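Got the model open in your viewer? Let's walk through it stop by stop, picking a selection each time.

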Amino acid sequence: MFEVRLLGPVEVWHGNRRAPLGGSRPLAVLGALVVHLGEVLSTERLMDFVWDEDVPATAAALVATHVSAVRRALAQVGAPELIRTRPPGYVADLGADRVDSRRFEELLAAGRAEAAAGRTREAADVLAEALGLWRGQEALEGLGQSFARIEAARLAELRLVAQEESFGLRLRLDRADETIAPLLAHVAAHPLRERPRGQLMTALFRTGRVSDALRTYQEGREALRAELGIDAGPELRALHQAVLTNDTRVLGTPGRADRSTVQVPQPRPAPAPAHGTARPAPSHLPPDIADFVGRAEQVSWATTLLRGVGGAGRTAPPIGVISGRSGMGKTALAVHVGHRTAELFPDGRLFVDLRAADTTPLQPADALARLLRAMGADPETLPSGVEELTGLYRTHIGHRRVLLILDNAAGEAHVRPLLPSGPGSAVLVTSRRRLVALEGAAHLDLTVPDEEDALELLRRVAGKERTAADPERAAEIVALCGRLPLAVRIAGARLAARPHWQPGRLAARLRNERRRLNELSAGDLELRTSLELGYADLDPHERRALRRLALLDLPDFAGWIAAPLLDIGTEEAEEAVERLVDCHFIDVIGVDDTGRGRYRIHDLAREHARERCLSEESAEEREAAVLRLVACWLGLAKQAAARGPGGAARHFPEPAVVRPLDPETEEELLERPAAWFAAEQACLLAAVAHCAEQRMTRAARDLAGALIASSAALYNQFDAWSRSHTVAMEAVRRGGDTEGEAWLLTGLGQLRYEQDDFEASYAYFGDALRLFEERGDLPQGEAQALAGMGTARREQALYGEALTLLETALDRYGPSGDLDARAGVLYGIGYVHREQGRAAEAREALFQALDLYRAAGDRNGEALTLRSLALCHRAEDAHAEAERLLHEALAVFASLQDTFGVMYTEQSLAKVELRTGRTERARERLSRCLAVARERQDRFGEALVLRTLGETHLAAGEPGRAREPLEHALALWTELRLPLWRARTLWDLAEARGDDGAARAARSEALEVFRSLDCREARERVD
C-alpha cells in the first residue's frame, strides 16, 4: 500500500519500499504540499514555506529543482504522479487515507464519536489504532521550517488529546491498574496539564493508593505555582477534595468499574436572579440591520459554515474570518448571519468588539473575563492571569453550543485565546486583515456589492421615491461612492435628511474628488473617520507605502512601482504591496501580460491616503518619490522601445533622467515589450497629468515622449499619445519652456502623421522648426522637424518639396548625427527617388540607410529599408531579387513581432506573386493583410491592400470582381487626401471598366495627376 508518513520523520512508503527523498529542502517541499493536501501551492508560497524569511534570489528555480528531485524519488516506488503541476504552482494529488496524519485525525474523530454514543470499548480500540500510527516523538521530524513547526505543534496537541481521551476510556472500562503506568509517564512529560493529572489521581484512588493520589496533586500544585505562578484549576481542586473526603460519586468505587464519565464539580456559578427563574442564555448580538441588502452569496457561505457546527467527526469549532476594508459591511454581515442562525446556538450568542484600531485595543484577559461573565461565571472568583482565564473559559464553553462573533480583530494573536475548545460552538471573526495564519479558519474577502445591490441600499436609506425621480443620478452617486456600503449609506442618509435636494445636487458635490470625503458625512456616520481607523491599524511602514502609492492617482499599478516610490528594493516593495492587500487597502485586479499582478486602491481609500500624504510628508519628499518613479518608467520605456515592434525607439525623445531597477525584474518586465507598454500606458498617462499639475514639466514631457513609443509599439492606439501631449503642452507653456514646447510639437506632428493627417502633421513640424530656430541651439531638433515636414510632403506626393526638406534635414544632422535619424532621412530620400523613377539614386540612398540602420542595431529600420529596396527591383521587373529581399524583411519583422511590418511586407510579396502568375497565393496573403489593417484601423494600409486585391482580380481576368475593392480603395484615398494613390487606383478602375467613356475619363484624370506630381507613372503610362 502506498503511504505518506508525517507522524515522525517525513517518509514515503510503497509496501516495503521507501522512497529515497534525500535532503531537507526536497523533504520540506513534499511536507508542505502534503500538509496542504489538495491545495495548489504557488511557487511563491513554496518559497516562503521552504526558506521562511531567508529566501534566496534563485528560490523559484530551486523550487522547480526540488520538485523534480522529489518526483524522481517517488518514481522509484511507483508514484511519479503524486506531485502535479497546477498553475500557479504544484499540488499533492492523493487521497487523505494515504497520509498517516489525516488517518490519525479521522480515527480520533471516530473514537470520540463512538464514546459520545456510549460505545466505550469500541472507542478505546479506535483511539488505540490512532495512537499506533505515531512513529516518533514529533510529527515532521527533521524539518525546522515554520510551517512544519506549526503543523507539528497542532498534531502534537491532537496526540495529547487522543492520549487523554484514551486514558479516560480505560478508566470507564475499569482498567485503572493498567492505566497508571502510561499516565505516570504522560504526567511526567507534561506536568502542567491538569486533565491527565486528575486521571492519574482517579486511577491511583481506585487502586487503593490514596496517599499517592494526594502526592500527585501536591506535585502538580507546586509545579503550577513554580512555573506559572498560579494555583490548580477548579476541576483539579475538586478532585483533590474528593480524594480527601473519599467521595466515590466523583472518583468511582475502588476496585469496581465506573461506567460513567468521571464527575467533576464545576466552579460556583453566579447567583441566580432574585425572582428564581433560570438564567437565560446570553444573547449579546447587536440588532440586525433592518435595511440589510444583498450579499446572498456571502450570507450563504457563512450560514453553511455555521451549520457545520457539531458535525460528525468534527473536533474543533468552525471558524470563519470575514475580512475587508473599512466601510465594507463586515460587522453588518456577521451580525445578520448570527441572527439567521441563532437556533443553532441555544447556549448563547456572544459578541465582543476587540477594537483593533483603537489606541487601546481590548486585551485578551479583558475579553476572556467578559465572555466568562456572560456565561455565568462569578466575577469575584475570576483569576487574573491570561493562562488561568483561558483554561476556565475553555471549561465553561467546551460543552456548550455558542456562537461567538469577534469583531474588529487586529491579528491572529488577538483571536487565538478566545477560540472555543469544543466542536459545538462556532466563531465568526471580522478584521481589516486577512488573518491567513489563523489555524483551521475559512476565509471570506468581502468586496463591494454589485451595482444593483448598492442601488437598492441607496433606495432603502434615501427613499425609493427620491431615487426613482432621477435614476441616472442615483446610479452616479453609487458609482462615486465606489459602491462602498458605508459611503452609499451616508449618501442615502444625506438625501433623506434633505428632502429639498435632488439626487443630481448630491452627485454634483461628490464629483469633486478633493471634496468627496467631506461630503460623505451624516450624523455620527463619517467615512473619513472609518478610513482613519483602518489607516491607524497599519504600522508606520505600511502607512508610508499606502501614502506613496496613492499619490499619483493611478488607475492601477504593478507592485514594483513601490520600489522607487519608497526607495527600496523590488522584492521588499512587492512584499509591502502584498501586506496592504492582506489589510484590504489594495485590491488585486488581475495579472497583466507581462505576468505581473496588477493592483488598485479603492477611490475613496486612495483619496484618504493622498490626504494623509499631503499632511504627513513634505513637498520635497513627495516630489523626490514621484521623480524616482518617473525615472524608472522612462528607463523601462526606453528599453521597451528599443526592443519592441514598430520602430518605437525612433520616436522616443531622449529623457532627462532614467533610473534602473534590478536586472532580474527589468528582464522579466521587458520580455514582451509591447505587453509592458500595454500594462503601463494608463499609468504613464496619469503620471503625465500629475507631473503637469505639480509643475514638474520636464518629467511631464518626458513621459509624454514615452507614450509616443507606447502608441507606436501598440499600433494606432493614439488616445494616450494625444492626451499626454495636450496636458504636457499646457504645462510647458505655463512654465515658459520653449524647448519643451518644440519637442512636444514634433510629437504632435508625428501623431498626425501616424493618423494619416499629413497636412496637420506638416503644420505641427513647421511650428516646432520655428521654435527650434528661434532658440538656435538645438540643431538636432531643427533636423527632426525638417525631416518630419519632408516625410509629410513625401506622403502627399509633393516630391520636389519633400526632397528639399529631407536633404536640408540630412545636412542639419551632419555626419556625426544620430545614426537612426540620418538613416530615416536617407530612407525618405530613397523613397522619393524611387517614386520619381530614379532607380540608381534610390538604391544609393537606400543602401546608405541600410548601412546606418545596421550600424545602429535598428532591426526594424533594416527591414523597412529591405522592403523599399525590393520595391525598386519590383518596379524594374526583377521579381526574383524583389522576392528574396521581401522574404528577408519578412523574417526580421516576424522576429520582432511587428504586425504592421509583416502586413506591409506581405502586401508587397502579394504584388510580386500576382505579377508572376501566383494569384491564388496572393489572394490568401492579402486576405490576412486586410484583416490586420482593419483590426488596427489603418486606413492607408486598408486602401493599399484593397487596391492590390483589385489588381489581383484584374490579373486573373476578373474585371467585374475588381471594381468593388478598387472603388472602396478610391474612397479611402480621397478621404486621406492622397492624390497619387487615388490616381493609381483610378487607372486600375479604368482597366476594370474596359474602354467606355468613364474608363477613358478616369485614365485621363489619373495621367494628369501623374504629370503634375512628376512621378514615375508620368513616364510609364500613356493615355
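**Stop one: a small sheet**

Start with an open sheet of three strands, which pair in the antiparallel sense in the order S14-S16-S15. Before you zoom in, keep in mind that this is a predicted model.

Select 557-558 and 586-591 to pick out strand S14 and strand S15, the edge strands, each of which pairs on one side only. Now add residues 597-601, which make up strand S16; two bridges link S16 to S14, and the two run antiparallel. Want a specific pair to look at? Show Phe557 and find Tyr599, its bridge partner in S16.

**Stop two: the hairpin at S1 and S2**

Next, jump to residues 2-5 and 11-14. These are strands S1 and S2, an antiparallel pair joined by four bridges. Put Val4 on display and you'll see Val12 of S2 standing opposite.

How many residues sit between S1 and S2 in the hairpin? There are five, and Gly8 in the turn has a positive phi of about 140°.

**Stop three: an arginine in H20**

Select residues 485-497 for helix H20, then colour Arg494 within that helix. Is Arg494 buried or exposed? Its relative accessible area is 8%, and since anything under 20% counts as buried, Arg494 is buried.

To see what surrounds this side chain, skip the neighbours within four places in sequence and show the other residues that Arg494 is in contact with: Trp501, Leu506, Arg509, Glu519, Ser521 and Ala522.

**Last stop: zoom out**

Clear your selections and look at the whole protein. In cartoon view there are 47 helices and 16 strands to find. The radius of gyration is 39 Å, well over the 31 Å that the globule rule gives for 1023 residues, so the protein is more spread out than a compact globule. Turn the protein along its principal axes and the C-alpha atoms fill a box of roughly 130 × 80 × 55 Å.

Try colouring by burial: 55% of the 1023 residues count as buried. If you switch on a surface, about 43100 Å² is exposed, with carbon and sulfur atoms supplying 49% of that area.

For contacts, take those between residues at least 6 apart in sequence; 65% of them join residues at least 24 apart. Finally, colour by charge: you'll have 131 positive and 153 negative side chains on screen, and the centres of the two sets lie 4 Å apart.

Notes:
Residues are numbered from 1 along each chain as its sequence is written. This is a predicted model: local features need pLDDT of at least 70, side-chain atom pairs count only at pLDDT 80 or more; totals for chains, interfaces and linings use all residues. Side-chain values use heavy atoms; hydrogens and water are left out. The radius of gyration is taken over C-alpha atoms; the globule rule is 2.2 Å times the number of residues to the power 0.38. Buried means under 20% relative accessible area, exposed over 50%, partly exposed in between (1.4 Å probe, protein chains only). Contact means heavy atoms within 4.5 Å. Accessible areas come from the Shrake-Rupley method with a 1.4 Å probe; for residues, only the protein chains shown count as cover. Lys and Arg count as positive and Asp and Glu as negative; His and the chain ends are not counted. The place of a charge is taken as NZ of Lys, CZ of Arg, CG of Asp or CD of Glu. Two strands pair if DSSP finds at least two bridges between them.
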